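Let's take a walk through this fold, strand by strand. Keep the structure open while you read.

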Amino acid sequence: MRISPSRLFVLPSALLAGALALAPSAHAGEAPGKAVALAADQLSWEDLAAKGVGVMVADVEGHHAKGAWHGFVKFPVASKSGVHAHSSALRLVVVSGTFRYGSDPDHEQPYGPGSYVFIPANHPHSNSQPDGAVVYVEQSGKYDNKPAGH
């Protein structure tokens, strides 16, 4: 049985749409059927202490220190993270700058604006941002940063 290319697109699209429709909303301004739009100057930035000096986070939904969340992370110029892992998977999209990602610093590859990176739970990796970067992140659990071997 041969499956047409259009059917290969329809099923994943339908599954994604269904998952998004069932996702809970935790942002105070969000309600079923209510649109939310936030301008960049409306984001509330705070230190992301678990990541490093100068790294900032702006939660859009949920709270990164309490559980499932999504929002933006801003990395300063020349920021680096040694090999580490996170307790829950991260999905990120590079908004600006360059996000370098790999199994260790020697194997990092550059990802520019519009790039997508999926990091499975407990997957050791490193990242660096030679020119700084802003990424949009979705995570099903609270944010943590576990150094390799812990």
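Before counting bridges, a quick word on what pairing means here: two strands pair if DSSP finds at least two bridges between them. With that in hand, look at strand S5 (residues 90-97) and S8, which run antiparallel and are joined by four bridges. Keep in mind that this is a predicted model.

**The overall layout**

The chain has one helix and eleven strands. Going along the sequence, the pattern reads α-β-β-β-β-β-β-β-β-β-β-β. Of the 150 residues in the chain, 31% are buried.

**The six-stranded sheet**

S5 and S8 belong to an open sheet of six strands, ordered S1-S2-S3-S10-S5-S8, with antiparallel pairing. Strand S1 (46-47) and strand S8 (116-119) sit at the edges; each has a single partner strand, so one side of each has no neighbour in the sheet.

What does S5 pair with besides S8? Strand S10 (residues 133-139) pairs with S5 in the antiparallel sense, over seven bridges. If you'd like to find that pairing on screen, look for serine 96, which stands opposite valine 134 in S10. For the S5 and S8 pairing, leucine 90 is a handy marker: its bridge partner in S8 is isoleucine 119. Another marker is valine 93, which stands opposite tyrosine 116 in S8.

That last pair turns up again on the surface. Val93, Tyr116 and Phe118 make a nonpolar surface patch of about 270 Å². Tyrosine 116 is in strand S8, and S8 is an edge strand of the six-stranded sheet.

**The five-stranded sheet**

There is also an open sheet of five strands, in the order S7-S6-S9-S4-S11, and its pairing is antiparallel too. Its edge strands are strand S7 (109-111) and strand S11 (146-147), each of which pairs on one side only. Further in, strand S6 (residues 99-102) and strand S9 (residues 125-129) pair in the antiparallel sense over three bridges. To spot that pairing, go to tyrosine 101, whose bridge partner in S9 is asparagine 127.

**A charged residue under cover**

Now hop to the loop between S10 and S11, where you'll find aspartate 144. How far away is the nearest side chain of opposite charge? That side chain is lysine 146, 5.0 Å away, and aspartate 144 is buried yet has no salt bridge. A salt bridge here needs a side-chain nitrogen within 4 Å of a carboxyl oxygen, so a 5.0 Å separation doesn't qualify. Aspartate 144 does have a polar contact, though: its side chain meets the side chain of serine 87 at 2.4 Å.

**Two loop residues with positive phi**

Most residues other than glycine have a negative phi. Here are two loop residues that go the other way.

| Residue | Phi | Relative accessible area |
|---|---|---|
| Alanine 78 | about 70° | 53% |
| Asparagine 122 | near 60° | 47% |

Where do they sit? Alanine 78 is in the loop between strand S3 (69-75) and strand S4 (79-85), while asparagine 122 is in the loop between S8 and S9. Are they buried or exposed? Alanine 78 is exposed, and asparagine 122 is partly exposed. The split comes from the cut-off: exposed means over 50% relative accessible area, so 53% makes alanine 78 exposed, whereas 47% leaves asparagine 122 partly exposed.

How values were computed: Residues numbered from 1 in each chain as written. Predicted model: local features only at pLDDT ≥ 70, side-chain atom pairs only at ≥ 80, totals over all residues. Heavy atoms only, no water. Helix = DSSP H or I, 4+ residues; strand = E, 2+ residues; numbered from the N terminus. Patch = residues over 30% accessible without salt bridge, like charges linked within 9 Å, V, L, I, M, F, W, Y side chains within 5 Å. Areas by Shrake-Rupley, 256 points an atom, 1.4 Å probe, with all protein chains shown as cover. Buried < 20%, exposed > 50% of the residue type's maximum accessible area, 1.4 Å probe, protein only. Lys, Arg positive; Asp, Glu negative; His and termini not counted. Polar contact = N/O pair within 3.5 Å; in protein donor to acceptor, adjacent residues only side chain to side chain.
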